[in-house]
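This report is an introduction for a reader who has not met the structure before. Please keep the sequence and the model in view while reading.

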Amino acid sequence: MEERISLLTLLCLAVTLLSGVGAIDVNIAKDVYEVARGDNIVLPCIFKPKTTPKLVIISWSVEAPQANAQEMLILTYYSSGAITDIKSAYEGRVSLDVDIAQGKADLKLSSVSLADNKVFECRVQIPGDDEGKTADTARLVVLVAPSTPICKIQGKAEYGQNINLTCVSEEGSPPPTYKWQSRDVKNLPRIPDRRTTDKGGILSLFNISKDTSGYYVCTSENKIRSATCNITLSVMPPSMNIGSTAGIIGGVVAALIILVIVIYCCCCRKKKKEEEYAMGVHEEEYRDKEMARNSESRRADGQEDTQGYDDSSMKNPTVRSERYEERSERDYDHRRDYDDRRSDYNDRRSDYDDRRSDYDDRRSDYDDRRSDYDDRRDRYSDRNERYDDRYDEPYDDRERAPASKPRRRDYDD
Ligand SMILES: *[C@@H]1O[C@H](CO)[C@@H](O)[C@H](O)[C@H]1NC(C)=O
Ligand SMILES: *[C@@H]1O[C@H](CO)[C@@H](O)[C@H](O)[C@H]1NC(C)=O
Ligand SMILES: *[C@@H]1O[C@H](CO)[C@@H](O)[C@H](O)[C@H]1NC(C)=O
């Protein structure tokens with residue numbers, strides 16, 4: 001590279017000697033270019049060669065951050081062969097829009113970052129045309145949109161307090177300016193209190209009251225964009241501070257929990273009762289179902305019976321003709337249905353009768369047992385009588401006396 005440049009310098013000198021003295025004028029239109037971070041930008045560089053040059057060397061570079069440091073080359077363009085050398089640090093991000101005849105050598109820079117916040121220089125070298133202005137510079141200002149600010153309340157939002165509403169954007173280049181706006185609880189813009197101050201994103205509110213409550217919006221803004229955050233301020237009486245509010249809420253919640261438990265317990269008891277009742281009903285249902293099953297099986301028998309009856313009627317030719325002439329199939333079905341239902345009813349009736357007879361049986365059983373008891377009672381009284389008899393008439397009792405009582409008999413004897 002070094003060799004090439006020195007070689008080219010020699011060439012330039014030679015050309016200068018050949019073509020005589022010229023006056024080149026390199027110019028960048030503006031001193032400062034602003035670009036939002038991430039955007040693309042074109043830095044325009046124009047030059048006015050005196051004659052149509054045989055060779056032009058264009059180079060773009062950034063100025064060194066410190067005075068004693070070397071400037072950093074971005075790219076070099078050689079008109080002979082239209083070669084552009086791009087430094088690896090800028091590879092893929094820069095290109096040169098060049099037109100020698102028009103004297104154009106614009107630098108295209110894409111995806112600008114904060115690192116590109118530097119002074120750029122455009123230099124044009126034409127052999128034999130080194131008089132005049134061979135280079136120009138421009139500052140690139142990379143702007144960063146303000147990030148969404150964060151709104152916060154400093155101090156206690158209670159009557160009579162002094163509080164600050166703060167608003168800060170983490171990012172922003174140039175640094176954003178902040179502005180607070182407020183609306184009251186009816187969402188109407190309000191005239192701020194005389195003592196209220198709005199400085200550097202801090203809104204200071206003094207001796208706040210219920211009227212200070214409302215909606216506060218902060219706008220963070222710089223050259224390229226703006227962003228907002230907001231706060232809803234509700235100023236409470238001193239007694240209604242966070243601690244007591246939490247206490248009240250806690251108390252209410254506890255009361256609610258107790259109430260819920262009590263209600264739940266009551267419900268449980270009621271439910272239990274209902275369940276017991278339902279269980280009784282279930283038993284009933286079970287009995288009913290059993291009944292239904294019985295009646296079903298019996299119904300099947302009934303059907304057979306009807307069919308049997310029908311079959312017997314089919315055997316009678318007069319009946320058969322009657323049926324086919326006067327009665328449709330439907331009627332027949334209806335009849336069968338009716339018969340079924342009748343037999344169902346009969347079944348249920350017989351079931352009922354069964355249960356009744358069951359009951360009667362049990363009753364008679366009871367009666368039997370009762371009569372048994374009565375019998376035994378009678379027998380007992382008989383025995384008593386007999387015993388009495390024996391006392392009265394010992395001699396007559398010999399044959400009747402039971403074998404199980406020999407001692408007595410002995411005594412009697
Ligand atoms: C509010 O901001 C002012 C000025 O920055 C400061 O002096 C004051 O202490 C702040 N008040 C509160 C409650 O933070
Ligand atoms: C604060 O405001 C109340 C009315 O809201 C007023 O009575 C009181 O004097 C004020 N206090 C101060 C220190 O300004
Ligand atoms: C207030 O801020 C919230 C986010 O914190 C946002 O969703 C809402 O749109 C904002 N309201 C207004 C009116 O700016």
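## A buried glycine in a loop

G128 is buried, because its relative accessible area is 7% and the limit for a buried residue is under 20%. The model in which this holds is a predicted one. In the chain, G128 belongs to the loop that runs between β10 (119-125) and β11 (132-133).

A distant part of the sequence can be related to this glycine. G128 and I24 are separated by 104 residues in sequence, and their C-alpha atoms are 9.6 Å apart in space.

## The protein as a whole

The protein has 413 residues, of which 25% are buried. Its secondary structure comprises five helices and 19 strands. The exposed area of the protein is about 29200 Å², and carbon and sulfur atoms supply 51% of that area.

Contacts between distant parts of the sequence are also described. Among contacts with a separation of 6 or more, 58% are between residues 24 or more positions apart.

## The six-stranded sheet

One open sheet is built from six strands in the order β2-β12-β10-β5-β6-β7, and its pairing is mixed. The edges are formed by β2 (32-36) and β7 (83-86); each has a single partner strand, so one side of each is left without a neighbour in the sheet. From one strand to the next, the twist averages 20 degrees.

At one of these edges, β7 pairs with strand β6 (residues 72-78) in the antiparallel sense over four bridges. Within this part of the sheet, T76 stands opposite D85 of β7. In general, the strands of a sheet pair through backbone hydrogen bonds, in either a parallel or an antiparallel manner.

## A partly exposed leucine before β10

Strand β10 of this sheet is preceded by a loop that starts after β9 (104-109), and L114 is located in that loop. Is L114 buried, exposed or partly exposed? Its relative accessibility is 43%, so L114 counts as partly exposed, given that this class lies between the 20% limit for buried and the 50% limit for exposed residues.

When neighbours within four places in sequence are left aside, L114 is in contact with R37, V142 and V144. L114 and L140 are 26 residues apart in sequence, with a C-alpha to C-alpha distance of 9.9 Å in space.

## The three-stranded sheet

A further open sheet consists of three strands in the order β15-β18-β19, with antiparallel pairing. Here β15 (177-183) and β19 (226-233) stand at the edges with a single partner strand each, so one side of each has no neighbour in the sheet. Neighbouring strands of this sheet are turned against each other by 20 degrees on average, direction ignored.

Seven bridges link β15 to strand β18 (residues 214-221) in the antiparallel sense. One pair in this ladder can be named: the bridge partner of W180 in β18 is C218.

## A buried serine before β18

S213 occupies a place in the loop between β17 (202-205) and β18. Its relative accessibility of 9% means that S213 counts as buried.

What does S213 touch, apart from residues up to four places away in sequence? The residues are D184, V185, R190, L233, S234 and V235. For V235, a polar contact can be given: its backbone nitrogen lies 2.8 Å from a polar atom of the S213 side chain.

## Strands β13, β14 and β17

Strand β13 (residues 150-154) and strand β14 (residues 163-168) run antiparallel and are joined by five bridges. In this pairing, Q154 stands opposite N164 of β14.

Strand β14 also pairs with β17, in the antiparallel sense and over four bridges. There, L165 has L203 of β17 as its bridge partner.

## The surroundings of ligand 1

Which residues are around ligand 1? They are Q154, N162 and N164. Two of these residues, Q154 and N164, have already appeared as facing each other across β13 and β14.

The side chains of both residues have polar contacts with the ligand. An N or O atom in the side chain of Q154 is 3.2 Å from an oxygen atom of ligand 1. For the side chain of N164, the corresponding distance to an oxygen atom of ligand 1 is 2.2 Å. Taken alone, ligand 1 exposes 360 Å², and 39% of that area is buried by the protein.

Definitions and conventions
Residues are numbered from 1 along each chain as its sequence is written. Chains are lettered from A and ligands numbered from 1 in the order in which they are written. This is a predicted model: local features need pLDDT of at least 70, side-chain atom pairs count only at pLDDT 80 or more; totals for chains, interfaces and linings use all residues. Side-chain values use heavy atoms; hydrogens and water are left out. Helices (H or I, at least four residues) and strands (E, at least two) are DSSP runs, numbered from the N terminus. Buried means under 20% relative accessible area, exposed over 50%, partly exposed in between (1.4 Å probe, protein chains only). Contact means heavy atoms within 4.5 Å. Accessible areas come from the Shrake-Rupley method with a 1.4 Å probe; for residues, only the protein chains shown count as cover. A residue is near a molecule or strand if one of its heavy atoms lies within 4 Å of it. A polar contact is a pair of N or O atoms within 3.5 Å; within protein, one must be able to donate a hydrogen and the other to accept it, and residues adjacent in sequence count only if both atoms are side-chain atoms. Two strands pair if DSSP finds at least two bridges between them. Axes are lines fitted to C-alpha atoms, for helices over the stretch in contact, and angles run from 0 to 180 degrees between N-to-C directions.
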